[in-house]
Amino acid sequence: MSTQILRQAVVLVGGRGTRLGDLARDTPKPLMPIDGDRRFLDYLLENIARHGLAEILLVAGHLGDQIEARYQGRSILGARVVVVREPEAAGTGGALIHVADRLDDIFLMSNGDSWFDFNYLALTAALMPDDEGALALRRVEDARRFGRVEYQNGRIVAFHEKDESRNGPALISGGVYLLRRSVLQRIKTLPCSIEAEVFPALASEGRLAGLPFDGYFIDIGLPDTLVQAQTEIPQMARRPVVFFDRDGTLNVDEGYTHRVEDLRWMPRAIEAIRAVNDSGRLCIVITNQAGLGRGLYGEGDMQRFHATMQAQLMEAGAHIDAFYHCPFHAEATIEAWRHPNHPDRKPNPGMIEKAMADWSIDRAASVLIGDRDLDMEAARRAGVQGVLYDGGDLAALTRAAIGDAD
Ligand SMILES: [Mg+2]
């Protein structure tokens, strides 16, 4: 297990969509429309941000003014977006060199014109101390369009160039990497393709981890795959949720639990959340926090408690996508939070309905796991399946609830 906290992603959005022809003449490839006004990059950035990252650097080039106009300074699900424009294209290595002084010690790197759906944080748990990077690998049935990756026991051993005569299944790089900043020392001249000029050397030294995933994968570089993306990405982005109650389900209920030093996880709760992340579902917490209304603690205390949960989860390659809380109570001492029967307070389904409005959610496939009857009643009122937790192995219960055999 790693103790590194991943907080930054670098997304390369400077490529020319030459294979898209006229479609990409006036529009950068990552800004190709997918659904109405929603662009490919909108979906990709939301998906990156939901993993709990704090910053996304977009390295723009060709038609970069459009990227800058749309994203510079925006906050997406709590991640700050910074657009940096490269004066001239210098390859993937050159793009990193251009933002070198902004990079964290470890960062996620993704192409801006492909989507590989997996739990990005799983890469942090796979990165060993001597590794310079970890690559997400994808099995494809027909490898003719792709360079192949040779992989053994968690290490990438070699890369093989695209070979159109070689039909059949193979592992390919999915275009998403976790890298250490120190990898930049290996870039000697520009332009530089980090894939062609740096990764093979790291592989031969045994300093490149690989982790296979079988999630959805698409590259929008061809007119056909762009059309495919326009159908599949919106479906892909509509996910089932596992809603968790907090106190007594994820963490031990101390009674109005709010102090960071009182955070104790229920049995295998971290593994339960990791299983939800790995399954491609959203993980959302809905928690009654009447202690706020009663003036027992403040919102800052609750936020610190949640941030501590996230930090501990990240060390295990896991995260919570969102927290919804209800401070209202009929006997609140703080008047603004006094309410006889607030629609958000479980057993009312208000928090679930807010999540449904904020995220693209497959309601029928969603479940709520909680330790009390009021959780089950909120699930029933929202039309999602309720699963009562009795304090045992939360990971086993969660896996059974989502049909993950493990
Ligand atoms: Mg509870």
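How many salt bridges does a search of the whole structure find? The search finds 29, and a few of them appear below along with the cores and the metal site.

1. Before you start: this is a predicted model, where local features need pLDDT of at least 70, side-chain atom pairs count only at pLDDT 80 or more, and totals for chains, interfaces and linings use all residues. Residues are numbered from 1 along each chain as its sequence is written, and side-chain values use heavy atoms, with hydrogens and water left out.

2. Salt bridges. The term stands for a side-chain nitrogen of Lys or Arg within 4 Å of a carboxyl oxygen of Asp or Glu. Try finding D278 and R274, whose closest N and O atoms are 3.0 Å apart. Both residues lie in helix α7, four residues apart, about one turn of the helix. (Helices are DSSP runs of H or I with at least four residues, strands are runs of E with at least two, and both are numbered from the N terminus.) You can also look for E132, R186, E205 and R207, which are linked in a network of salt bridges.

3. Buried or exposed? Buried means under 20% relative accessible area, exposed over 50%, and partly exposed in between (1.4 Å probe, protein chains only). R399 forms a salt bridge with D404, with 3.7 Å between the closest N and O atoms. R399 counts as buried at 17% relative accessibility, whereas D404 is partly exposed at 28%.

4. The nonpolar cores. Such a core is a set of buried Ala, Val, Leu, Ile, Met, Phe, Trp, Tyr and Cys residues joined through side-chain atoms within 4.5 Å. The largest has 57 residues, of which L41, L58 and Y71 touch the most other members. Helix α1 (residues 40–49) gives the most to this core, with seven residues. A second, separate core of 30 residues includes V82, M109, Y177 and I194.

5. The magnesium ion. Its donors are D245 (OD), D247 (O) and D371 (OD), at 2.2 Å. Donors are N, O and S atoms within 2.8 Å of the metal (3.2 Å for Na, K and Ca); water is not among the atoms, so sites may look incomplete. D247 and D371 come from distant parts of the chain, 124 residues apart. D247 is buried at 12% relative accessible area, while D371 counts as partly exposed at 24%.

6. Cysteines. With a disulfide taken as a pair of cysteine sulfur atoms within 2.5 Å, the count comes to zero. For C283, the nearest cysteine sulfur is that of C326, 20 Å away.
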